[in-house]
Amino acid sequence: MSRDVRPTRESEDAVVDLADVLLRDGVVVEADVLVSVADVPLVGLELRAAVAGMAAMRDAGMLTAWDEEVRLQAQPSSEFESESGVERGDDADR
């Protein structure tokens, strides 16, 4: 007795699920590339990319200074000061 094992598509939202996992948990991709001609190495590349939502990045201690700077610029000065207790150092209120 044989069983039908054809691939099926059970979910229409696989891309949404993938994006959700990437943003929530993040992923780090590393690659080493060596370009050589006639067995002579000419160019070496060491590539590393991290893809994640900002919450995951901040939890990992990545891009925290940049995130705080962007959030500071995006918030009205009175809202930021009341939440953080820190005064802005720019000329927004002048």
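Asp 67 touches Met 54 and Arg 58, leaving aside residues up to four places away in sequence; touching here means a contact, with heavy atoms within 4.5 Å. Everything described comes from a predicted model, in which local features need pLDDT of at least 70 and side-chain atom pairs count only at pLDDT 80 or more, while totals for chains, interfaces and linings use all residues. Residues are numbered from 1 along each chain as its sequence is written, and side-chain values use heavy atoms, with hydrogens and water left out.

Asp 67 sits in helix H3. Helices and strands are DSSP runs numbered from the N terminus, with at least four residues (H or I) for a helix and at least two (E) for a strand. With a relative accessible area of 4%, Asp 67 is buried. The cut-offs, taken with a 1.4 Å probe and protein chains only, are under 20% for buried, over 50% for exposed, and partly exposed in between. One of the residues touched by Asp 67, Arg 58, is also joined to Asp 67 by a salt bridge, and the closest N and O atoms are 2.5 Å apart. A salt bridge, in this account, is a side-chain nitrogen of Lys or Arg within 4 Å of a carboxyl oxygen of Asp or Glu. Arg 58 itself is partly exposed, at 38% relative accessibility, so this bridge links a buried residue to a partly exposed one.

Now for the overall layout. The protein has four helices and two strands, and reading along the sequence gives the pattern α-β-β-α-α-α. Of its 94 residues, 9% are buried. Among contacts with a separation of 6 or more, 17% are between residues 24 or more positions apart. The protein exposes about 8,400 Å², and carbon and sulfur atoms supply 54% of that; such areas come from the Shrake-Rupley method with a 1.4 Å probe, and for residues only the protein chains shown count as cover.

Helix H1 covers residues 14-25. What span should its twelve residues have at 1.5 Å a residue? The expected value is 1.5 Å times one less than the number of residues, which gives 16 Å, and the end C-alpha atoms are indeed 16 Å apart. Right after H1 comes Gly 26, with a positive phi near 80 degrees. Asp 20, Arg 24 and Asp 25 are linked in a network of salt bridges. Within that network, the side chains of Arg 24 and Asp 25 meet at 3.1 Å, N to O, and Asp 25 is partly exposed at 48% relative accessibility.

The two strands come next. S1 and S2 run antiparallel and are joined by eleven bridges; strands count as paired if DSSP finds at least two bridges between them. Val 35, for instance, has Val 43 in S2 as its bridge partner. The hairpin has two residues between its strands, and Ala 38 there takes a positive phi near 55 degrees. Asp 39 is in the loop between S1 (27-37) and S2 (40-51), and although Asp 39 is not a glycine, its phi is positive too, at about 65 degrees. Asp 39 is exposed, with a relative accessible area of 76%.

The hairpin also carries a nonpolar patch on the surface, made of Val 33, Val 35, Val 37, Val 40, Leu 42, Val 43, Leu 45 and Leu 47, with about 640 Å² of accessible area together. S1 and S2 are the elements that give two or more residues to this patch, and S2 gives the most, with five. Patches take residues with over 30% relative accessible area and no salt bridge, joining like charges within 9 Å and nonpolar side chains (Val, Leu, Ile, Met, Phe, Trp, Tyr) within 5 Å. Val 33, in strand S1, is partly exposed at 33%. As a general point, side chains in a regular strand alternate between the two faces of the sheet.

Back to charges: the count comes to six salt bridges. Among them, Glu 46 and Arg 48 meet at 3.7 Å, N to O, and both residues are exposed.

A last backbone detail lies in the loop between helix H2 (54-59) and helix H3 (64-74), where Leu 63 is found. Leu 63 has a phi near 60 degrees, a positive value in a residue other than glycine, and is partly exposed at 44%.
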